[in-house]
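Work through the exercises below with the sequence and the 3D view at hand. Each task is followed by a solution in steps.

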Amino acid sequence: MNRIDQFRPDAPALARPGPHPVGVRTELVPGSRDLLVEYWYPAEADTPPGCTYATLLRDGYRAITLTGRACRGAHPVAGVAAMPLVVISHGWPGNRYLMAHFAEHLASHGYRVTAIDHPGSTYEDRQAFAETLLHRPDDIRAVARHFGGDHAVIGYSKGGYGALVAGGAGVAEAALAMDGAPEPALFARHRAPAVDPALKAIVPIGPWGRAHGLWDAAGMAGLAVPMLLMAGEADEISGYADGMRRIFDEAQGVPRWLLTFERAGHNAAAPIPAPAEAWEPSPHLDFLPFAHYADPVWDSLRMNDIARHFARAFLDLHLKGDPAAAAHLAPGDWPGFPAPPPGLRLEVQSP
């Protein structure tokens with residue numbers, strides 16, 4: 001069934017589905033780069049649940065089907081245009097369904113949510129890395145402008161890079177000459193990025209770049225919006241001590257939270273549970289596709305539950321202005337959990 005809408009019986013309170021049925025449709029956002037997006041939204045009260053998503057496995061060849069609770073083409077609930085927007089940006093490679101569990105969940109709680117297929121970064125269209133570094137922040141801004149309104153960005157890995165740059169974290173001058181970088185004259189526009197005033201918060205998950213010199217402390221100090229950073233303590237791709245913890249420490253001008261999954265790797269929190277087909281070898285990969293989705297230590301569904309809980313608290317606070325959500329972001333208290341969760345650390349810093 002490859003369900004993306006499951007939650008465990010011990011899921012924290014804010015990880016459970018909300019009061020709204022969910023609708024979904026696929027749209028094309030036109031521009032200098034036409035962007036295929038999936039758009040989820042709160043639907044009318046009589047909307048029946050259930051739809052499927054036709055997509056590809058990590059190998060970029062095998063067709064798979066995901067199942068969720070949204071209804072394709074459902075009528076939006078009244079007032080949906082005024083609801084806050086969340087833009088989801090996948091990793092390299094990935095696609096618009098890799099974090100669909102966030103999308104359906106947040107839509108059920110009164111958010112509009114759109115997830116992008118970034119050209120040059122998808123399973124079937126993976127191009128040179130420079131393509132992602134150059135275009136990812138611009139894609140995010142283009143989709144946010146198209147749908148309009150106050151918004152936040154959830155970005156995984158290279159999507160986390162895009163979220164940070166969109167939020168004002170300027171890339172280092174030395175990064176213009178790093179291996180695999182875009183043409184410096186083009187890449188330089190991300191040295192001092194303009195921040196959309198409608199961008200209210202970012203949620204980078206396993207963001208790539210700091211450990212590789214993509215930012216320095218001065219560039220990271222340019223971050224201009226609140227941040228909830230989610231990280232695996234054993235992340236072998238983005239780095240923890242020399243990567244994500246430095247992002248947290250150096251973004252000194254904004255309120256920021258760091259949620260650490262102890263012993264987890266790069267797949268912490270973001271990807272949907274591995275589809276059944278991912279358990280089988282692929283002739284197009286030199287690793288089991290399962291490794292693209294799963295963590296060696298943590299249960300994926302458990303991580304998804306936790307990530308949705310904290311993402312919703314953070315977005316309710318910064319996009320909806322709900323002061324009650326702050327209680328869920330207080331380190332050491334763990335409200336909403338049946339018991340204090342082992343293996344998690346939550347830290348907070350103020351400007």
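**Exercise 1.** Does Arg 312 count as buried or exposed? Place the residue in its secondary structure and list its contacts.

*Solution.*
Step 1. The model is a predicted one, and every value below is computed from it.
Step 2. The relative accessibility of Arg 312 is 16%. Buried means under 20%, so Arg 312 counts as buried.
Step 3. Arg 312 belongs to helix α8.
Step 4. Leaving aside residues up to four places away in sequence, Arg 312 touches Leu 14, His 105, Leu 106, His 109 and Tyr 111.

**Exercise 2.** Which residue meets Arg 312 in a salt bridge? Relate the pair to the helix.

*Solution.*
Step 1. The partner is Asp 316, with 3.2 Å from N to O.
Step 2. Helix α8 covers residues 300-318, and the two residues are four apart in it, so about one helical turn separates them.
Step 3. Asp 316 counts as buried, at 6% relative accessibility. Arg 312 is buried too, at 16%.

**Exercise 3.** Compare the span of α8 with the expected span, and state how many of its residues are buried.

*Solution.*
Step 1. The helix has 19 residues, and at 1.5 Å a residue it should span 27 Å. The expected span takes one less than the number of residues.
Step 2. The end C-alpha atoms of α8 lie 27 Å apart, which agrees with the expected value.
Step 3. Of the 19 residues, 17 are buried, so α8 is mostly covered.

**Exercise 4.** Which parts of the chain does the salt bridge between Asp 138 and Arg 189 tie together?

*Solution.*
Step 1. In this salt bridge the closest N and O atoms are 2.6 Å apart.
Step 2. Asp 138 lies in helix α2 (residues 129-147), while Arg 189 lies in the loop between α4 (184-187) and β11 (199-205). The pair therefore ties together parts that are 51 residues apart in sequence.
Step 3. Asp 138 is partly exposed, with a relative accessible area of 22%; Arg 189 is also partly exposed, at 39%.

**Exercise 5.** What is the distance between the closest N and O atoms of Asp 10 and Arg 8? Give the exposure of both residues, then the total of salt bridges in the structure.

*Solution.*
Step 1. The closest N and O atoms of this salt bridge are 2.8 Å apart.
Step 2. Asp 10 has a relative accessible area of 26% and is partly exposed. Arg 8 is partly exposed as well, at 25%.
Step 3. Searching the whole structure gives 20 salt bridges.

Definitions and conventions. Residues are numbered from 1 along each chain as its sequence is written. This is a predicted model: local features need pLDDT of at least 70, side-chain atom pairs count only at pLDDT 80 or more; totals for chains, interfaces and linings use all residues. Side-chain values use heavy atoms; hydrogens and water are left out. A salt bridge is a side-chain nitrogen of Lys or Arg within 4 Å of a carboxyl oxygen of Asp or Glu. Buried means under 20% relative accessible area, exposed over 50%, partly exposed in between (1.4 Å probe, protein chains only). Contact means heavy atoms within 4.5 Å.
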